[in-house]
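Here is a short tour for anyone about to work with these coordinates. Have the viewer open and follow along.

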Amino acid sequence: MSFIEEFQANIEALPNHLQRKYALLRDLDKSLQGVQTQNEQRCDKEIEDMIQRIKAGNVTPDSSLIKFSDDALDEQKHAIRIADEKVALASQAYDLVDAHIQQLDQYLKKFDEDLRRERDTAVVTGAPATTVENNVKSGRSGEGKGGRKKTRLATAAAATATAATPSGMDLDLPVDPNEPTYCFCNQVSYGEMVACDNPNCKIEWFHYGCVGLKEQPKGKWFCADCAGTQKKRKGK
């Protein structure tokens, strides 16, 4: 079995693994919301009861009795445990996707090295090199400058997490320092991205939100820097 066939077999099982983890995340999030709501109601009632006891003179403001009940404190500890489980599950999902990304990056790197070796051999022997579009770059999902797709999805990690994570969850997950960055914001790929049609564009790929796009542009599209260069050339 070749590397790409092995990778394809592994990647086919990834959605099911992620689906199970995100289903657990949703269940934990629902449970956490229930515990938080119950605890807020309990604490509000205990605070109101304490205020009434202070007004009645039964308890002094500096009394050691002014504290939440053990039930309220236990609920808060339970909520923290659930939150910790959510973070652990999210980290596991990230690691799953990241492992596949690194595996693909290794293949792309090897593929690029094979292409260079083939060209070098062709130059030495004088034989024509096999015609292969040089459109594979590590971490770039295979789109090159020539004939590249107009849009691309971000890495599986960001795209899947965005779609499957319950709304309102802000997961501060680690980012691979070796993952390439794009756009004016100099961030890793996520969501949908658009490619500048200037073949000499220094950045190439841009996040929709960073360039004010909501859908795929029609016709050729240039980033702000390249659009300015195009106008200057036409003005001469």
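## Nonpolar cores

In this predicted model, the largest nonpolar core has 14 residues, and the members that touch the most others are V194, C196, C201, F206, W221 and C223. Strands β2 (192-195) and β3 (205-207) each supply at least two residues of this core. The biggest contribution comes from β2, with 3 residues.

Another core lies apart from this one; it has 13 residues, including L14, L32, I82 and L89. As background, nonpolar side chains in soluble globular proteins tend to be buried together.

## An aromatic cluster

Searching the whole structure turns up 3 aromatic pairs. One of them joins F184 and F206 in a tilted arrangement, with 4.9 Å from centre to centre and 55 degrees between the planes. Because F184 sits in the loop between α3 and β2 while F206 belongs to strand β3, this pair ties together parts that are 22 residues apart in sequence. The two partners can be told apart by accessibility: F184 is partly exposed, at a relative accessible area of 39%, whereas F206 is buried, at 0%.

F206 also pairs with W221, this time edge-to-face, at 5.7 Å centre to centre and 65 degrees between the planes. Here the link runs from strand β3 to the loop between β3 and α4 (224-235), with 15 residues separating the two rings' positions in the chain. Both F206 and W221 are buried. Taken together, F184, F206 and W221 make up one aromatic cluster.

## Cysteines without disulfides

How many disulfides does a search of the whole structure find? The count is 0. Why is C196 not bonded to C226? The sulfur of C226 is the closest cysteine sulfur to that of C196, but the two are 3.7 Å apart, which is too far for a bond. C196 counts as buried, with 0% relative accessibility.

C210 gives a similar picture on distance: its closest cysteine sulfur, in C183, is 3.6 Å away, so it is too far for a bond. C210 is partly exposed, with a relative accessible area of 36%.

## Where to trust the model

The chain averages a pLDDT of 76, and 73% of the residues score at least 70. Among the elements of the chain, β3 has the highest mean pLDDT (91), while helix α3 (residues 156-164) has the lowest (41).

Over residues 130-173 pLDDT stays under 50, and the model has 97 contacts beyond four places in sequence for this stretch. Where pLDDT is low, predicted coordinates should not be read in detail.

Notes:
Residues numbered from 1 in each chain as written. Predicted model: local features only at pLDDT ≥ 70, side-chain atom pairs only at ≥ 80, totals over all residues. Heavy atoms only, no water. Core = buried A, V, L, I, M, F, W, Y, C linked by side-chain atoms within 4.5 Å. Buried < 20%, exposed > 50% of the residue type's maximum accessible area, 1.4 Å probe, protein only. Helix = DSSP H or I, 4+ residues; strand = E, 2+ residues; numbered from the N terminus. Disulfide = S-S within 2.5 Å. pLDDT = per-residue confidence, 0-100. Contact = heavy atoms within 4.5 Å. Phe/Tyr/Trp six-rings, centres within 6.5 Å; stacked < 30°, edge-to-face > 60°.
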